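This briefing concerns how two copies of a chain are arranged and how they meet. Please consult the sequence and structure shown below alongside the points that follow.

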There are 2 protein chains.
Amino acid sequence: MKKLQQKIRQDGQVLSENVLKVDSFLNHQIDPALMQAIGEEFATRFQDACITKILTLESSGIAPSIMAAIQLDVPVIFGRKHQSLTLIDDLYTTTVYSYTKQTSNDIAISKDYITENDVVLIIDDFLANGQAALGLIDIVNQTGASLAGIGIVIEKGFQDGGKLLRERGYRLESLAIIESLVEGSITFRDEETN
Amino acid sequence: MKKLQQKIRQDGQVLSENVLKVDSFLNHQIDPALMQAIGEEFATRFQDACITKILTLESSGIAPSIMAAIQLDVPVIFGRKHQSLTLIDDLYTTTVYSYTKQTSNDIAISKDYITENDVVLIIDDFLANGQAALGLIDIVNQTGASLAGIGIVIEKGFQDGGKLLRERGYRLESLAIIESLVEGSITFRDEETN
């Protein structure tokens, strides 16, 4: 997605060979016109998938998800992060390890909002090691719903998550794939070879 | 806002005289068409206020804020909640006490995204005791920006937050004001007398 690549080049900050900061338009400040374009792109890519629900994770997944949801005319459910959960009777839960923060979080969604008849699109802001995506996939599997695929705003192509998800046969649509951040420079994977 | 009142009556769950659960369209599952209508309503009410930024709080404030932001063509900044903050050099921070959870959270925003030249609209999903709104106001005051007002999706009119903010002279626009939740029944404050 060219518009997103341009925005990343223009406003992304390369903090190290592994860390791209996009706080100015995605993770802290949010650019609504860009989110609208991102939502439209996800909707176009998954338009034939008969999506009935979008599942994401608080907080940065919410804006791109709600914009895709407008286009696809389906509800969004956002998973909540907890240090640890005790009351889990009415929740689907899974544990996600963050390599960045070196902590584990439980994520949870209510059993009320996704059923076995749903077709779910997972959307998240970043894909790195794939732990959050695998956690959301685990939750979809617990619900018995069908998983249509995973939509990612920015994939770090130099980390393992994308490879792992594609090898397992999931449909993965990443709107921008960062090939490398070496020497402060952002290189994208050619969109044609996604 | 009639459409919101109808949705609250239809899908809100009164859990006690103080607790209204709206997980099915606002706090966990999100209804995108309703959020779009809410965003348009905020934009209409504040259309003459020359807003340049919307400030909200993760996570449930994000969806209504991004929808208002589309209409007003301004960025959203969402404050992050932390148990406690240590590195605060580049952040504006404040502490918010939650009566519901009986815990304090620090909330923080980067100093990069709101400046003294901004005109800020605060948006949040709920107003009860007003602690979150006062925290966000404190942050706006730290930035030196002007505060145009506070937009709330659901105000619990039987708690003190709304009265407190109005008495202090802030412009408060609540799209639905719950007068009471007595005996499992939802009573709205007459919209005409807001």
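A turn of 180° with a shift of 0.0 Å along the axis lays chain A on chain B at an RMSD of 0.0 Å, the copies being superposed by least squares on the C-alpha atoms of residues with pLDDT of at least 70 in both. The two copies are thus related as by a two-fold rotation axis. In chain A, the C-alpha nearest this axis belongs to A:Ser59, at 2.7 Å.

This is a predicted model, in which local features need pLDDT of at least 70 and side-chain atom pairs count only at pLDDT 80 or more, while totals for chains, interfaces and linings use all residues. Residues are numbered from 1 along each chain as its sequence is written, and chains are lettered from A and ligands numbered from 1 in the order in which they are written.

**Contact between the chains**

- Chain A contributes 21 residues to the contact and chain B contributes 21 residues, where contact requires C-beta atoms, placed from the backbone, within 7 Å.
- On the side of chain A that touches chain B, at least two residues each come from strand S3 (29-30), helix H3 (32-45), helix H4 (62-72) and strand S5 (76-82) of chain A; helices (H or I, at least four residues) and strands (E, at least two) are DSSP runs, numbered from the N terminus.
- H4(A) gives the most to that side, with five residues.
- Because 100% of the interface residues of chain A are also interface residues in chain B, the copies meet through the same surface.

**Strand pairing across the contact**

- S5(A) pairs with strand S3 (residues 29-30) of chain B in the antiparallel sense over two bridges, pairing being assigned if DSSP finds at least two bridges between two strands.
- A:Ile77 has B:Gln29 as its bridge partner in S3(B).

Definitions and conventions:
Contact = placed C-beta atoms within 7 Å.
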